[in-house]
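Please take a moment with the sequence and the model, and follow how the parts of this chain are arranged and how two of them meet.

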Amino acid sequence: MTAAWTNWAGTATATPAALARPQSTDDVSRAVLWAGDRGMRVKAVGSGHSFTSIAVTDGLLLGLDRLAGIVAVDTASGRVTVRAGMRLHDLNRELAGRGLAMENLGDIDRQTISGALATGTHGTGARFRGLASSVLGMRIVLADGSVVDCDAEQDPTLFEAARIGLGALGIVTELTLQCVPAFLLHAREEPGSLTETLTRLDELVASTDHLEFYWFPHTDRVLLKRNRRLPLEAGEDPLPRWRAWLDDDFLSNSVFEMVNRVSAARPAWVPRINSMSSRALSSREFTMPSFEVFASERRVRFREMEYAIPRDAVIDTLLSLRDLVDTSGVLTPFPVEVRFAAADDIWLSTATGRESAYIAVHQYHRMDHRSYFDGFEAIARNVDGRPHWGKMHGRSYEDLQPTYPRLADAVAVRDRVDPERRFGNDYLDRVLGS
Ligand SMILES: Cc1cc2nc3c(=O)[nH]c(=O)nc-3n(C[C@H](O)[C@H](O)[C@H](O)COP(=O)(O)OP(=O)(O)OC[C@H]3O[C@@H](n4cnc5c(N)ncnc54)[C@H](O)[C@@H]3O)c2cc1C
């Protein structure tokens, strides 16, 4: 029996029967056949940054750290083929060196590209879609050990299901991505009020390339972040080193950890603490390479639930969430994050077929999250919310079906390529059926 595996948040653990670190597609194929001969299930693990138990297995766990790096780049078209285990922070730097970038990114860069894609990782921006919309093709090892290349022409149903595949269809070993010319982001961050932000929301969403805001529960305060895309020729204007360290390292991580520890020890102080934290925020502006602005460092451990809801429902949903916080006795020092995305057509995307807003609730890992998350989940369900596949939720196949028009099609592809559920686990049984 090998050592237990734990995810980043400490919300999922596994004691796999065996571990392997494949270096090639052939290694993966051999490992899948080896597990099949022994009746073992198989699961690839990325960087373990999912909050759900989606990456858990009792069988063979495949670590992908040796299956990394760029395979091919066509700078003119922006098509880039990468190995599945490549971390986003490595990918971003490699792309920048070639004058390219990912069109949009989430707020950290620790994930593997295949792990991020498998769960539908997204950033923000009403004109932009999640990361999986940049996938042009995939190489996948199926349950019988065969290696399949799929894209919009070659086995298109496998491709549609696998673009956000929850790790349920096979082990992805390579991905071809549509990248864009490298660009800068001008970041403008400023404190404000929730009331005013909601009043101006339509205008803010329409006029900002990448808008997000953090609302501090128990207060009316927000931190508004507006990122504007600029060509490289506009020139960088980074924060002074001391200011970047003060805001992003010391205040956002070291001091925030202390704030959370005090909150865990004295929950009754949380409203006052949030009021003080939100008032300590100051404005700042800077211009840097896109991937450096999108991603932040997150050292304070937390639990998270995030729901994609129809864009038009965001104000009512936030007001209901505020009522919940004000009336239920829920206490949390963590801000609520609000983001936006364009509709896409990916079968298992949380933004499939509709313009979306994302609302994420967080709780410090030493504080109880259950009544808060349960309360928010009930609110999100009322507006046909779709949970992030990699973040905590209580939904199951039956009640997800009405909100995902192509869920049954994805399951049919799974039945075709993995009838014995070689890549199954308890989480997938719950959300895709057993
Ligand atoms: C601090 C923090 C910040 C985050 N920020 C964001 C954000 O801004 N936006 C957002 O949408 N999400 C965000 N997330 C969620 C995160 O992006 C997803 O959970 C993502 O899946 C994590 O990637 P990973 O490499 O850690 O994958 P893991 O969690 O290790 O794995 C996720 C799934 O992918 C499967 N998988 C991995 N590699 C392969 C492969 N090669 N073939 C088949 N299946 C594979 C695994 O089996 C598992 O099912 C955040 C998470 C954390 C902890």
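The domain bounds used here come from an automatic or database domain assignment. In this predicted model, the C-alpha centres of domain 2 and domain 3 lie 25 Å apart, and the contact between them takes 40 residues from domain 2 and 35 residues from domain 3. Along the protein chain, domain 1 covers 5-62, domain 2 is assembled from 67-181 + 398-418, and domain 3 covers 183-387.

Turning to the surface that these two domains share, domain 2 and domain 3 bury about 3,300 Å² between them, and carbon and sulfur atoms account for 59% of that area. On the domain 2 side, Asp-107, Thr-124 and Tyr-404 supply 21% of the area buried against domain 3, which is more than any other three residues.

Charged and polar pairs also link the two domains, for the count between domain 2 and domain 3 is 5 salt bridges. In one salt bridge of the model, the side chains of Asp-345 and Arg-163 meet at 3.4 Å, N to O. Between domain 2 and domain 3 there are, in addition, 16 residue pairs in polar contact, with both residues at pLDDT 80 or more.

As for which elements form the side of domain 2 that touches domain 3, at least two residues each are supplied by α2 (88-97), α4 (156-163), β12 (180-181), α12 (397-400) and α13 (407-417). The residues on that side of domain 2 divide into 19 nonpolar, 10 polar and 11 charged.

How values were computed: Residues are numbered from 1 along each chain as its sequence is written. This is a predicted model: local features need pLDDT of at least 70, side-chain atom pairs count only at pLDDT 80 or more; totals for chains, interfaces and linings use all residues. Side-chain values use heavy atoms; hydrogens and water are left out. Contact means heavy atoms within 4.5 Å. Buried area is the accessible area (1.4 Å probe) that two parts lose on being put together, summed over both. A salt bridge is a side-chain nitrogen of Lys or Arg within 4 Å of a carboxyl oxygen of Asp or Glu. A polar contact is a pair of N or O atoms within 3.5 Å; within protein, one must be able to donate a hydrogen and the other to accept it, and residues adjacent in sequence count only if both atoms are side-chain atoms. Helices (H or I, at least four residues) and strands (E, at least two) are DSSP runs, numbered from the N terminus. Ala, Val, Leu, Ile, Met, Phe, Trp, Tyr, Cys and Pro count as nonpolar, Asp, Glu, Lys and Arg as charged, and the others, Gly among them, as polar.
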